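Here is a small set of exercises to work through with the model open beside you. Try each task before you read its solution.

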Amino acid sequence: MLRNSPPDSADIGALERKATRLRRHMLTMARGQGQGYIGQGLGIADMLAALYFHELRYDPHSPAWSDRDRFLLSTGHYSIALWAALAEAGIIPVEELITYGADNSRLEMSTLDTTPGVEVIGGSLGHGLGQGVGQALGLRVDRSDARVFVELSDGEMQEGSTWEAAMSASHFRLDGLVALVDCNGIQADGPVVLDMEPVADKWRAFGWQTSEIDGNDMRMMVGALADARNRNGKPKAIVLRTLPGKGVPRIETSEKSHFFRIDVAQWDGIIAEFEKTMGAAQ
């Protein structure tokens with residue numbers, strides 16, 4: 001059985017290429033329906049590449065393997081990014097990605113827990129961290145050393161349930177729980193409504209071992225994940241400053257990058273812009 005587990009050192013270049021492949025998959029999916037939550041997906045591609053191809057322990061041939069690390073996508077509308085990662089990891093077929101958002105597809109625009117590799121439904125925001133706390137407690141009861149990684153957004157920090165979960169994790173000393181806090185600064189209609197700064201200090205105040213990084217810097221991402229392996233009695237929080245639309249300047253600078261809907265011809269232009277940007281970066 002093939003199981004991914006963190007090696008002693010990471011091939012940063014290989015992980016960056018994986019992130020590029022994830023972004024390419026996402027753009028293809030969004031083009032198919034002419035729309036999607038592409039801004040957020042492009043923003044967290046580096047995080048997902050670091051997780052699925054370096055850090056997480058899992059078996060792509062047996063997604064329900066009991067000793068797997070769990071990844072919970074609290075912001076279920078980021079599903080376009082998760083589908084790309086699951087396909088690249090061999091958990092779902094790459095050929096299935098073109099069904100994103102289509103009728104009767106397993107790849108909805110918000111996650112379904114009937115899709116292989118999905119741990120929780122994240123469509124109702126503010127609940128992912130609480131579910132992560134529950135899973136981490138369950139793993140402790142089972143005497144498992146598997147870890148739980150929960151992606152959540154800066155917008156979700158405006159919800160009280162998030163902080164109840166954060167307080168519980170610290171109280172129960174869940175040092176195998178890692179919160180990946182995507183701070184991209186946007187919500188549905190523009191900037192995050194409430195000022196959540198200083199984000200990292202808030203997590204520290206709740207008893208979490210906390211780091212704050214550029215979430216689009218692969219070397220920093222890998223380093224923060226390595227630091228989070230420490231079983232020191234504290235849950236871990238990694239605050240990620242990500243850029244919505246990363247890799248496509250037209251989306252990076254858009255005021256409405258939360259949900260992108262344009263016609264097919266324009267999507268072709270965006271994909272060409274992405275490939276030009278990637279070519280210049282190499």
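Buried means under 20% relative accessible area, exposed means over 50%, and partly exposed lies in between. Keep in mind throughout that this is a predicted model.

**Exercise 1. A covered helix**

Task: Find how many residues of α3 are buried, and name them.

Solution: Start with the helix itself, which spans residues 45-55. Next, apply the 20% cut-off for burial. The result is that 11 of the 11 residues of α3 are buried, so the helix counts as mostly covered. They are Ala45, Asp46, Met47, Leu48, Ala49, Ala50, Leu51, Tyr52, Phe53, His54 and Glu55. Now stay with Phe53 for a moment: Lys18 lies over the face of its ring, at 4.6 Å from the ring centre.

**Exercise 2. An aromatic cluster**

Task: Describe the geometry of the aromatic pairs that Trp163 forms with Trp203 and with Phe206.

Solution: A pair of aromatic rings is described by the distance of the centres and the angle of the planes. The structure holds 5 aromatic pairs. In the pair of Trp163 and Trp203, the centres are 5.0 Å apart and the planes stand at 45 degrees, so the pair is tilted. This pair links distant parts of the chain, with Trp163 in helix α6 (residues 160-171) and Trp203 in helix α7 (residues 199-205), 40 residues apart. Both Trp163 and Trp203 are buried.

Move on to Trp163 and Phe206, whose pair is also tilted, with 4.9 Å from centre to centre and 40 degrees between the planes. Phe206 sits in the loop between α7 and β7 (209-214), 43 residues from Trp163. To compare accessibility, note that Trp163 has a relative accessible area of 14% and is buried, whereas Phe206 is partly exposed at 28%. As a last step, put the rings together: Trp163, Trp203, Phe206 and Trp208 form one aromatic cluster.

**Exercise 3. A buried acid**

Task: Glu151 is buried yet has no salt bridge; work out how far away the nearest side chain of opposite charge is, and which side chain makes a polar contact with Glu151.

Solution: Locate Glu151 in strand β3 (residues 148-153). The nearest side chain of opposite charge belongs to Arg241, 13 Å away. A salt bridge needs a nitrogen and an oxygen within 4 Å. Turn then to polar contacts: the side chains of Glu151 and Thr75 are joined by one of 2.7 Å. Beyond the neighbours within four places in sequence, the contacts of Glu151 include Met47, Phe71, Tyr78, Leu180 and Asp182.

**Exercise 4. Salt bridges across the chain and within a helix**

Task: Sort the salt bridges Glu88–Arg21, Arg231–Asp175 and Asp201–Arg204 by where their partners lie.

Solution: The total count comes to 15 salt bridges. Glu88 and Arg21 meet at 2.5 Å, N to O. Glu88 lies in helix α4 (residues 79-88) and Arg21 in helix α1 (residues 12-33), so the pair ties together parts 67 residues apart in sequence. Glu88 is buried, with a relative accessible area of 13%, while Arg21 is partly exposed at 40%.

Arg231 and Asp175 come next, with their closest N and O atoms 3.5 Å apart. Here Arg231 is in the loop between α8 (218-227) and β8 (236-241), and Asp175 is in the loop between α6 and β4 (177-183), so the pair ties together parts 56 residues apart. Arg231 counts as partly exposed at 42%, and Asp175 as buried at 13%.

For Asp201 and Arg204, the closest N and O atoms are 2.9 Å apart. These two are 3 residues apart in helix α7, which separates them by about one helical turn. An α-helix has 3.6 residues a turn, so residues three or four places apart point the same way. Asp201 is partly exposed at 41%, and Arg204 is partly exposed at 41%. To finish, look for shared partners: salt bridges join Lys18, Arg21 and Glu88 into one network.

**Exercise 5. A loop proline**

Task: Place Pro63 in the chain and list what it touches beyond four places in sequence.

Solution: Pro63 lies in the loop between α3 and β2 (70-73). At 32% relative accessible area, Pro63 is partly exposed. The residues it touches are Arg68, Ile91, Pro116 and Gly117.

How values were computed
Residues numbered from 1 in each chain as written. Predicted model: local features only at pLDDT ≥ 70, side-chain atom pairs only at ≥ 80, totals over all residues. Heavy atoms only, no water. Phe/Tyr/Trp six-rings, centres within 6.5 Å; stacked < 30°, edge-to-face > 60°. Helix = DSSP H or I, 4+ residues; strand = E, 2+ residues; numbered from the N terminus. Buried < 20%, exposed > 50% of the residue type's maximum accessible area, 1.4 Å probe, protein only. Lys NZ or Arg CZ within 6 Å of the ring centre and 35° of its normal. Lys, Arg positive; Asp, Glu negative; His and termini not counted. Polar contact = N/O pair within 3.5 Å; in protein donor to acceptor, adjacent residues only side chain to side chain. Contact = heavy atoms within 4.5 Å.
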